[in-house]
Structures are given as structure tokens and as C-alpha cells.
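Here is a short tour of a model with several chains. Have the sequence and the 3D view open while you read.

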Amino acid sequence: MYEGASVGIVDRRNGVLLDVCGSRLALDATMAGAIVVDPTPA
Amino acid sequence: MTRPTLRVALIGNPNCGKSTLFNALTGRRQKVANFPGVTVEWVEGSYVHEGTTVSVLDLPGTYSLSPDAPDEVITYDVVHGRAAGLDPVDVFVVVLDAENLERNLYLATEVLELGRPTVVVLNRIDRLPAAEMKVDVVELIHALGAIVVPSVATTQEGLDRVRHCIARAPDVPPSDLRASGAITDGQNAERRYEWISAVMARTVTRTGTRGTRSSDRVDAVLLHRVWGPLIFVAVMAIAFQALFLVATPLASLLQLGLGSLSDVLRGVLPAGDFQSLLIDGALGGVGSVIVFVPQIALLFLFIGALEDSGYLSRAAFVMDRFMRPLGLQGKSFIPLLSGYACAVPAIMATRTIPQTKERLATIMVVPLMSCSARLPVYTLLISAFVPAVTIGYVLTLQGLALLAMYIFGTVAALAAAAVFRRTLLRSDTRALIIEMPAYAKPTIRVLLSTVWQRVAVFLQRAGTVIFAISVLLWAMGHYPQAGTPSAPVSEEAQLAQSALGQVGHAVEPLVRPLGLDWKIGVAMVASFAAREVFVSTMATMYGVPQHETVHTELAARLRDARAPGTGRPTYTRAAAFGLLAFYVFALMCTSTIAVTVRETGGGWQGARWAALQFSYMLVLAWGSAFVVYRVALALGAG
Amino acid sequence: MPHWADRALVIALVGGAAWFIAHRAWQRVASARAAKAAGGCGHDNCGCKPPA
């Protein structure tokens, strides 16, 4: 459901704390490590 | 007489203030918490508005209308009119958390697309200044094409308007986002967020820089990989110590009251079997359970405060690292923690775990967490057999023994979970995503009503089931009568002769290897209905009268009990430790068994899980009691 | 209080308690059966889908 949402990284010292649509989502290290960033043409 | 004419369903993201709004609307108290997903079942209530009864359904929180976890399925079914045994809903009320508007709008657009009468409630507008946001409500109404009512559910602000709009909603043409061309492809999340971003740009003004909230600075410490767990352990330690400092004087006060009540009864009623039944049986049995109300209330108060402040989700995230090697995830941690209070709501709280096998494993081990009903047993045995020695300035040996009981239970639960996840319930552990709600000051009114609700359930049990069991136990302990009114026999001889005594003698071969006698056997058998009955049974069997010191007196009698003939103590310290171990591990609670059956699939399937749960815990209980007894004997605790 | 009255009160209270426990147990069984007969899965308020 977060597909297409804009995501900002708040803190990445302990797992990753994301800012998704204004709410905080915490991901554990395993999940954070599995994230692949795909560059898209602007 | 009015009858329900308007059916309303509250829909919203987890932790958007939906349940608070429900309580404010209907006046019915429902559990409200700050951990996403605590509303695990639906709750119904009603209010009367201008002569019409409005029946309100509070649905579990969901992020979207595509069901993922079991509790989201409930919402999905109701929204699509497929829920068994429920009338169709007339008006949907979508509750939005103003602070998390962007994400909340996702669900709102999905509901609005259904084309049914809908009222959108913009909740928590009081928090907008702190979040450095401004929302243009008029613009939002235009964008959504629906009624939008700003409100603050906790202070009841805007509630009249919410009631008014609900009443008018069926006459207002429903919003049709699809027809207005707002969202053309209902299933495309990307398009939906593009549309929502556009709406956000028009309606929301941010006054501060995004991404640096004050809660982020707090989280940097509380979620820290070293400080986080340490802070968590410190919080728990302080809480448990406070529990005993505050609860003990309150419990003594209750005992004082019960003592004078039985004195009054003794004065009013003529001596005889009936007097004994009322005072020793009923009042004694119920009273010995009621004195634990302060402890139970404080435990719920503490867990409730943690939930409402938002810390519990942080704790779940911090604990995830430790749960993972066991095959559980951070979300399993909340049910396990709730298990300290009572296994029944804890098992129901596992519905927030979407993975079936992780959920089953959590259910199977939750009853190993020492629940509040075990407290009476622990306290009795510890005060009887552990010396009241002070260590340092604040800690006592008895307090440490009690802490040890909780630790044993917790370790056993975690170990059992690891075993289940590696054998019967094997699967990959999924990664964790958990929402961190903004920190909030717990509302005292909401918190107290939650505590009262829990205490009321406990008191209701004490007044009905435990009362009936106490009366029956008294009868079983007094009949068949050994003596005659003219030639009475000793209390102990009467008990040995009675039905209860005979049951105890029958199970004695099973408890003898644990260093226990038939009297404890009786109490153990009786407490298979509910653990706290152990204390009342022992009180009945030892004929401890209801005075201000009932527990101290019963503890003293247990300690001083001598085996007939030999004059040696009936219960050695080693046997008492073994018995404590038994109570840490045994599943003796019919309510827990019932809820396990229900939550693991019901029918034969559920019954099989419940049977497995009951038997593995019984084997564990007896085995560890035996080991503890033997080891303690060898160490000289005879 | 005469002995028979004492006895009668005891029998009434004990009988009442026994009836209460039996009634409670029977209610549980009956409500589960009723839920099943109504087409549900037999659990209270569970998230199971009703049969299609």
C-alpha cells in the first residue's frame, strides 16, 4: 500500500526509521538491508 | 421506545483515535490504546440523536481495504456487507488522524469510492500546532467531495457536529471520487498517492521543517541498540518494585474490611453449618481472591500507561532483535507482555500478527507468562516459605523470589516459542515494519476507565464463578460428615473423611513425588478451574477465619503444619519451591483454554491446539516441580 | 435456628452454586452450537469468512 508514496529517512543508526507520508515507520536491520534503490528518470 | 434505525461503522487506520471517538460518541467504555492494532475485535455501542437510535460499530484499524492480517479481514467483511450476523451499515465514518493525514487519506479515498453515505472526521486537530502543520478543512471538503468534521475526541470537541453530520449523511449525495475523475484506477496505489499528494499540497501547510520532530530526538535514545533495551529493563524493574510498594498496604486495608465483615456476620447469624458455609466457605473463598484487586489494578494501569504513551510500540521494535533468534517478531512481544496481566486478552491481541505460524507459536506460549491470577498463589507460598530478609536497602528476598517467578515464566515462554518455531510451526521469520505513533500524554480518564473495566471483570468472576466454587468446595469439605452434632470430630479428621479429602487422596500418588500431601492435591485439583482458587481452597481446608491477617495466618499454618505422628513439617521448603515451579508452568485456567480453542480455528482444530497447549504445559509443570524439589532437597532445603 | 432450617439453607445455597456452574458450562456449549447452526464457523466474532 505504500507503493508510490514518498519516503524520507529520519534515522538510520538503529535499523531504519522512515518518514512515510508523515508517519514514522521503523524497519529492522534485515529489512533495511534488503532495500534496493532504483533510480528513475526524472 | 426508540429502536436502532441508523447503523454506523467507524473505520480508520490503527491508532487514529477511532476507539476514543467511539467512547466519546456512545459513552460506552472500550479499550483505547496507542499501540497500532489493539482493537482486535469489533465493539458495538449506541446513542440517541434527535429521537433516532444510532448504533455504532467500532472496527479494527486497517491501513487499506485489502485485508492482510486477521483483524483487517473483519473490517473488510463489514465494509463489503459480508460479515455474518451483522446488518448492513447505513453510514461509514472515516476517522483521520490529522497528524498523519497523508497516509490516512489512502483508506479514506478507498471508502469514499464505495459511493456510500460517508462522514470524514478529522481527529486530533489539537496536535497540529505541535506537529507544525495547518489543515485547510474547506479545501479538504472540496477535494474529497464529502462531509469533513474536525474534532478532538479526547476532549469531546466537535462531537455534536459529528453526531449531526452522521444523522444527515444518508440525505447527502455520496462523494464519487471515481466519477469526478479524481482517481481512475482504484487498485493503483501509485496513482492514488499522486492524487493524495496533490490534495495534501492544496490543504496542508507545513510551518516547520519536515523530518525533525521532537519525538525523533527521543526515539534516537529509546530505539538505540544499547540504551533502548537497558531503558526498557529499567522501566520494567521500577514498575514491578512500585507495584509491591503501593499494592501491599492497599491489600492489608482490604483484608481489614473483610475481617470486620465476617465478624459482623458471625454476630448476626446463629452458629451452625450455614454460618460456616457463608463465612468460611463463601466469604473466605471470595475474600482471599478480592485482596488481589490492588495488584491487578496497578498492573493494568502500568501496561495501559505504557500503551497510551506510545512507548509500547518502541518497546516492540527494541525487543524485535531479541525475539528474532527465537523465531518470533517484535509484534509477538506485546501479547507476551500483556500475558503478565491476563492470558485471555493477550491471546486475543495476537490477531495483530499477520503470519499464521508466528501467531500460533505466540498463542501457545502466552499462558507461560505469569498472569495476575498466579500472584495470589506466589504471594502465599513465598510469604510462607521464603524468609523476609532485606538485601541492601530496598530489595527483599521475598520480592526477589517473586521476580524470579516472573523470570522463570518468561524464559520458559521464550524457550517454548523457539521450540515450536523449530518443530511444529516452522517458517521463515518475516521482516518487521512497525508504526511509531507520536508520543502522547496518557489521558487519565481513559486510563482509569480501562483499569476499572479490567477490575470489574475480575470482580465479576470473584462474585460469580469463584463464589460458586467456594460454596461447592466448602460442601465437599464438609460432607459426608464424619462426626455427629453430638460427637464432633476434629477439623482435620472431617476433611480427610470428606468428598474433597477423597479426591485429594486419589491424586496423592501424583503429588507425592513432589513432596506434597493430599491437601495440596485437593487445592491443585480445585485450581484447575482457575488458579486463584488454590488460595481459597487452602483457606477453606485449614479453616482460616476471615480476620485482618488471613494471608499471614494461612501462610503461618502452612509453615507450621506438622505431619501426624512424626512431628516433622508437612511441607518442606523444597516442596514449596517445587509447587511454585508447578504454578509457574501449569495452564490452570478454563478461560484461557476456551480462548485458545476460539483463536486457533475453533472446533476440533482449535481443540487440538488447546489440548496440546494444556498437556505440554502440564508435563513441563510436573517435570520442573519434580526437578526443583529434588535439587532443593539435595541442597539442603528439606 | 433449628437444625432442619440450617440444613435447608445449606442445601439451597450449595444446590444453587452447583446449578450455576452447570448452567454456565451448558451455555458455553449451546452458544457455540447456535453460532455454528447459523452458518458461522462456531467462534464468537471471529474473522472467518462465512461459507460462500
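Over which residues of chain C does the pLDDT stay under 50? That happens over residues 41-52, and the model has 27 contacts beyond four places in sequence for this stretch. Keep in mind that what you're looking at is a predicted model. Chain C averages a pLDDT of 71, with 60% of the residues scoring at least 70. Chain B averages 82, and 90% of its residues score at least 70. Chain B has a stretch below 50 as well, namely residues 34-39, which has 29 contacts in the model beyond near neighbours in sequence. For the model as a whole, the scores are ipTM 0.77 and pTM 0.68.

Now for chain A. Its secondary structure comes to 1 helix and 3 strands, and from the N terminus on these run β-β-β-α. Of the 42 residues in chain A, 31% are buried.

Chain B gives you two helices to look at. Start with α4, residues 137-144, where B:L140, B:A143 and B:L144 are buried. Looking down the axis of α4(B), you'd find these buried residues within an arc of 85°, so they line one face of the helix. The general idea is that an α-helix has 3.6 residues a turn, so residues three or four places apart point the same way. Right after α4(B) comes B:G145, with a positive phi near 65°.

Then there's α12 of chain B, residues 330-338. Here 9 of the 9 residues are buried, so the helix is largely enclosed by the rest of the structure. Among them are B:F333, B:I334 and B:L336. What covers them? The cover includes the chain B helices α10 (293-309), α11 (311-323), α13 (343-349), α14 (356-365) and α16 (397-422), along with the strand β11 (433-436).

Finally, the loops of chain B hold some backbone details worth finding. Two residues that aren't glycine have a positive phi:

| Residue | Phi | Loop in chain B | C-beta neighbours inside 10 Å |
|---|---|---|---|
| B:E50 | near 45° | between β2 (43-49) and β3 (52-58) | 8 neighbours |
| B:Q156 | about 65° | between β7 (147-150) and α5 (159-168) | 15 neighbours |

Because of those neighbour counts, B:E50 counts as exposed, while B:Q156 counts as partly exposed. One more loop to visit lies between α17 (444-478) and α18 (491-497) of chain B, where you'll find B:P480. The peptide bond from B:Y479 to B:P480 is cis, with omega near -10°.

Definitions and conventions: Residues numbered from 1 in each chain as written. Chains lettered and ligands numbered in written order. Predicted model: local features only at pLDDT ≥ 70, side-chain atom pairs only at ≥ 80, totals over all residues. Buried ≥ 20, exposed ≤ 12 C-beta atoms within 10 Å, placed from the backbone. Helix = DSSP H or I, 4+ residues; strand = E, 2+ residues; numbered from the N terminus. Arc of directions from axis to C-beta. pLDDT = per-residue confidence, 0-100. Contact = placed C-beta atoms within 7 Å.
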